[in-house]
There are 2 protein chains.
Amino acid sequence: MTELVTDAPVRPGVYLRGTETVDAILKAALSVLLDEGAAAFTIRRIAAACGMKVGNVSYHFPRKEMLIQVLLDDLFNSYDVKLELSVRQPNLSAEERLRTVIAMCLDDIASKRTTRLFTELWALANHNDFIAERVRIFYSSVHEVIGEHVAALNPRLSPDEVRTLSLFISASMEGATPFLGYQKPWANKMPAIAAISAEWFVKLAKSIEPGEISRMIEQRG
Amino acid sequence: MTELVTDAPVRPGVYLRGTETVDAILKAALSVLLDEGAAAFTIRRIAAACGMKVGNVSYHFPRKEMLIQVLLDDLFNSYDVKLELSVRQPNLSAEERLRTVIAMCLDDIASKRTTRLFTELWALANHNDFIAERVRIFYSSVHEVIGEHVAALNPRLSPDEVRTLSLFISASMEGATPFLGYQKPWANKMPAIAAISAEWFVKLAKSIEPGEISRMIEQRG
DNA sequence: ACCAAAGTTTGATAACTGTCCAGTATTCGA
DNA sequence: TCGAATACTGGACAGTTATCAAACTTTGGT
């Protein structure tokens, strides 16, 4: 278990040259993680990937853990931006908006970056509290976005029921990652799974009755 | 990328003492992987975990890759056995059998072993062909078991439609792993998600019409 | 143009990695 | 019980790891 530091990582680099170097290091670090995996994620491999000396990478990121934290912060920020954009979809019904979010999520899951990144993060989160916490915060915001649309589709549901349905929908979609993601065995089935997801998660959100989830749990507790 | 060897790994150990040692090594290797993660999965750490000398582990498993392959073979065999048992559920309707399989899968996903093991395997599969292939074969058999029940519930579906639905159901359930699995952030929601899964995946399998999936894909291609 | 701060190079450190091997101990069939 | 096969020990090997520090170059505000 790692120390859990809640402070936001400070991105190094003061002079222009420094910030450009830091950018190059982060870009190389991500490509190493995605193309070669966590085992190859070493300072030396990253330095080689951006044509730098090991000592220079080590100067900007004195601790390897710091590099990981800054990298993750950058990545999650870019995902949050994408997520914010999906909320600002005007001229669409609640149903169409939920369909859009589902399509966007599954489209993103099929990308190389997301498939590789999140499978690695889920594994690292098992024994790295910093990563576990950042992943949790990210998915909380995903659930919130989905929840807004679920609540709009079915206003009688309680906040907790909305959270439960959002979790179900989100988790179901994320499950596509190791099976239908980038270069995964059933990637060719993604259109079918995306179609079923859009249809049935909307149907689920619309037709669940208040109190029905509790009733289902009791039946088979 | 690793070399893809299709031959089944040969478990070392000829004398009784040797097989017992091999068992102890494999048990220790698994516990290291689950308790400390892939980064700690070293010969020395494994040897320490079972109170052996490094040279002895290295004698039984001259290559580290060999240890991984034998370990995975053992693990997947035990999962296959569990899966076979789930098929032999007599005196149950097709609907009840699908419900049972769903409950079993999600119950298993919530266990420490499965949560930790498969998150690690999904990550390792990104860059290790042997692991990727074994994981694929395992899930193929999972899909087949689910498919039998789906076909029984809805006999008019084509084999490909049955496969697609099985993939959807399986992937959706596996998605619970990083969110509702062992010590994961939303583990306390597992009863609710299990109830929704049992109810709605059965409903899905029963009510999808032949040709409906293709129609859904066309609508939003 | 100066010059302190920032950035970079070079080389070293100790700790760790998988693999190997000569020597020794144990096992178990003949 | 003998002895060849098997199992185990202790140590060594070359290569890798993250981190550090002294010397050198570049930067950019004054």
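Q: Which element gives the largest share of the surface near DNA strand C?
A: In this predicted model, that is α3(A), with four residues.

Q: What other elements count there?
A: Chain A also brings α1 (16–36), while chain B brings α1 (16–36), α2 (43–49) and α3 (54–60). Each of these, like α3 (54–60) of chain A, supplies at least two residues.

Q: How many residues surround strand C, and which are the closest?
A: DNA strand C is surrounded by 22 residues. The closest are Val14(A) and His60(A) from one chain, and Arg44(B), Arg63(B) and Lys64(B) from the other.

Q: What's the breakdown by class?
A: The surface near DNA strand C has eight nonpolar residues, eight polar ones and six charged ones.

Q: Which part of strand C do the protein-facing atoms belong to?
A: Taking the atoms of DNA strand C within 4 Å of the protein, 73% are sugar or phosphate atoms. The rest belong to bases.

Q: Where are the phosphate oxygens of strand C relative to Val14(A)?
A: One of them is 2.8 Å from a polar backbone atom of Val14(A). Lys64(B) also uses its backbone, with an N or O atom 2.9 Å from a phosphate oxygen of DNA strand C.

Q: And what does Tyr59(A) use, backbone or side chain?
A: Side chain. A polar atom there lies 3.2 Å from a phosphate oxygen of DNA strand C.

Q: Switching to strand D. How many residues surround that one?
A: DNA strand D has 23 residues around it. The closest are Arg44(A) and Arg63(A), along with Val14(B), Thr21(B) and His60(B). Of the strand D atoms that come within 4 Å of the protein, sugar and phosphate account for 74%.

Q: Which polar contacts should I look at on strand D?
A: Start with Arg63(A), where a side-chain N or O atom is 2.3 Å from a phosphate oxygen of DNA strand D. Val14(B) has a polar backbone atom 2.7 Å from a phosphate oxygen of that strand. Tyr15(A) goes to a base: a polar atom of its side chain lies 3.3 Å from a base oxygen of DNA strand D.

Q: Which elements give two or more residues to the surface there?
A: From chain A they are α1, α2 (43–49) and α3, and from chain B α1 and α3. The largest share, four residues, comes from α3(B).

Q: What about classes near D?
A: Eight nonpolar, eight polar and seven charged residues.

Q: How are the two protein chains related?
A: A turn of 180 degrees, with a shift of 0.0 Å along the axis, lays chain B on chain A at an RMSD of 0.0 Å. The two copies are therefore related as by a two-fold rotation axis. The same surface serves both copies, as 100% of the contact residues of chain B recur in chain A.

Q: Different topic. What is phi for Gln183(A)?
A: Phi of Gln183(A) is near 60 degrees, which is a positive value in a residue other than glycine. Gln183(B) also has a positive phi near 60 degrees.

Q: Where does Gln183(A) sit?
A: In the loop between α9 (177–180) and α10 (190–207) of chain A. Gln183(B) is in the loop between α9 (177–180) and α10 (190–207) of chain B.

Q: Is Gln183(A) buried or exposed?
A: Exposed, because its relative accessibility is 57% and the cut-off is over 50%. Gln183(B) is exposed too, with a relative accessible area of 57%.

How values were computed
Residues numbered from 1 in each chain as written. Chains lettered and ligands numbered in written order. Predicted model: local features only at pLDDT ≥ 70, side-chain atom pairs only at ≥ 80, totals over all residues. Heavy atoms only, no water. Near = heavy atom within 4 Å. Polar contact = N/O pair within 3.5 Å; in protein donor to acceptor, adjacent residues only side chain to side chain. Nonpolar A, V, L, I, M, F, W, Y, C, P; charged D, E, K, R; others polar. Least-squares fit on C-alpha atoms with pLDDT ≥ 70 in both. Contact = heavy atoms within 4.5 Å. Buried < 20%, exposed > 50% of the residue type's maximum accessible area, 1.4 Å probe, protein only.
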